[in-house]
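Here are some worked exercises for you to try with the viewer open. Have a go at each task before reading the solution.

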Amino acid sequence: MILVTGGAGFIGANFVLDWIAQMGEPVVTLDKLTYAGNRANLAALEGDGRHTFVQGDITDGALLEQLLAQHQPRAIVHFAAESHVDRSIHGPEDFIQTNVIGTFRLLEAARSYWNGLQDQAKAAFRFLHVSTDEVYGSLAPEAPAFTEQHAYEPNSPYSASKAASDHLVRAWFHTYGLPVLTTNCSNNYGPLHFPEKLIPLVITNALAGKPLPIYGDGQQIRDWLFVKDHCSGIRRVLEAGQLGETYNIGGHNEMANIDIVKRICALLDELRPRADGQGYATQITFVKDRPGHDRRYAIDASRMQNELGWQPAETFDSGIRKTVQWYLDNAAWVENVQSGAYRDWVQKQYA
């Protein structure tokens, strides 16, 4: 049994589904069900005895203690986080509460639980904290990619809050001996991605005939990681990672935002052509850049490959095609998420 926080969100839900499919081991999912946490993401597991869903907040220490005592997990995989940079700029307090205070409460509950375990179970227990490459700040165009030794230089309230959580996890290892692992991933994409992030936003806006907004000149570079590759990387770190260490998980796919958008437009031109015969790229619109917008991220995932034998299975071409096709095939999911009717729909599904 493992406990997964934030398991109804984009990456967390993909992880839970993948874990049960690949490992068959029971999962308790804890999720607050904010705007981006959709219980419907886990609908395929309804009635599956290997999955237990609990709605709750990681800042609720009493709930955390109760869940750990009741379910006795051998590991915690911690995804729960506020994660949208734009939202962090306009409302940073939620990011401090969830990403910093929530991680602190989870670490304390885990420490108390771990201290009460018997020798064998205590030695086997793991706390895996899922973080982001944004904690490292921005890279110059020709600078080498982020390694695990790169200095932290967060530039947004979001990345600062994640950096703080990373430091707490490290401190709980060095101070208390809690058996922790940390992963810092590059930009994820794939099924179930809430359509406020670049790739799902472009797909859904394009299909709706809306503008495709590009910040600044669109030359911000990111490394892109297919979400199922991220899930396999986390499984590998949980299985064989060295305690107290950090592992960067990347997709080896550095691309500028404008090139990502053009690639999506080309795929949509192929898979769902516009009725008027024009290309989707005509909908591209450049807008004012956002404050603190990092110019380039790039992950050096060589440690994952050299020490743990992991590398991504998907190229960007294969992953983005699967992603676009998923959105074309799941229009009802997108409509429910975007319409505001999602809450009513969820209540009816799970009343």
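**Exercise 1. Find the partner of Arg274 in a salt bridge, then look at how other salt bridges link up.**

Keep in mind that this is a predicted model.

Step 1. Check the side chain of Arg274: it forms a salt bridge with Asp276, and the closest N and O atoms are 2.6 Å apart.

Step 2. Look at the accessibility of Asp276: it comes out at 47%, so Asp276 counts as partly exposed.

Step 3. Now for shared partners: Glu245, Arg303 and Glu307 are joined by salt bridges into one network.

Step 4. Scan the whole structure and you end up with 15 salt bridges.

**Exercise 2. Work out which parts of the chain are tied together by the salt bridge between Asp217 and Arg295.**

Step 1. Get the distance: the closest N and O atoms of Asp217 and Arg295 are 2.7 Å apart.

Step 2. Place both ends. Asp217 sits in the loop between strand E8 (212–215) and E9, while Arg295 sits in the loop between strand E12 (284–287) and helix H10 (302–308), so this pair ties together parts 78 residues apart in sequence.

Step 3. Check exposure: Asp217 is partly exposed at 38%, and Arg295 is partly exposed at 36%.

**Exercise 3. Do the same for the salt bridge between Glu254 and Arg296.**

Step 1. The side chains of Glu254 and Arg296 meet at 2.8 Å, N to O.

Step 2. Glu254 belongs to strand E11 (residues 254–256) and Arg296 to the loop between E12 and H10, so the pair ties together parts that are 42 residues apart in sequence.

Step 3. As for accessibility, Glu254 is partly exposed at 41%, whereas Arg296 is buried at 6%.

**Exercise 4. Asp223 is buried; what does its side chain reach, given that it has no salt bridge?**

Step 1. Locate Asp223 in strand E9 (residues 221–226).

Step 2. Look for a side chain of opposite charge: the nearest is Arg296, 9.3 Å away. A salt bridge needs the nitrogen within 4 Å of the carboxyl oxygen, so this pair doesn't qualify.

Step 3. Turn to the backbone instead: the side chain of Asp223 reaches the backbone nitrogen of Asn253 at 2.7 Å.

Step 4. List some contacts beyond four places in sequence; among them are Ser186, Gly250, His252, Glu254 and Tyr297.

**Exercise 5. Which residues of helix H2 are buried, and what do they pack against?**

Step 1. Pick out the buried residues of H2 (residues 61–71): Leu63, Leu64, Leu67, Leu68 and His71.

Step 2. Check their directions: they cover an arc of only 130 degrees around the axis, which means they lie on the same side of H2.

Step 3. Flip to the face turned away from that buried side, and you'll find the exposed residues Ala62, Ala69 and Gln70.

Step 4. See what the buried residues pack against: strands E1 (2–5), E2 (27–31), E3 (51–55) and E4 (75–78), plus helix H4 (92–115).

Step 5. Step just past H2, where Gln72 takes a positive phi of about 50 degrees.

**Exercise 6. Why does Cys185 not form a disulfide?**

Step 1. Find the closest cysteine sulfur to that of Cys185: it belongs to Cys231, 10 Å away.

Step 2. Apply the cut-off of 2.5 Å. The sulfur in Cys231 is too far away, so there is no bond.

Step 3. Count for the structure: zero disulfides.

Key: Residues are numbered from 1 along each chain as its sequence is written. This is a predicted model: local features need pLDDT of at least 70, side-chain atom pairs count only at pLDDT 80 or more; totals for chains, interfaces and linings use all residues. Side-chain values use heavy atoms; hydrogens and water are left out. Buried means under 20% relative accessible area, exposed over 50%, partly exposed in between (1.4 Å probe, protein chains only). Helices (H or I, at least four residues) and strands (E, at least two) are DSSP runs, numbered from the N terminus. The arc is that of the directions from the helix axis to the C-beta atoms. Contact means heavy atoms within 4.5 Å. Lys and Arg count as positive and Asp and Glu as negative; His and the chain ends are not counted. A polar contact is a pair of N or O atoms within 3.5 Å; within protein, one must be able to donate a hydrogen and the other to accept it, and residues adjacent in sequence count only if both atoms are side-chain atoms.
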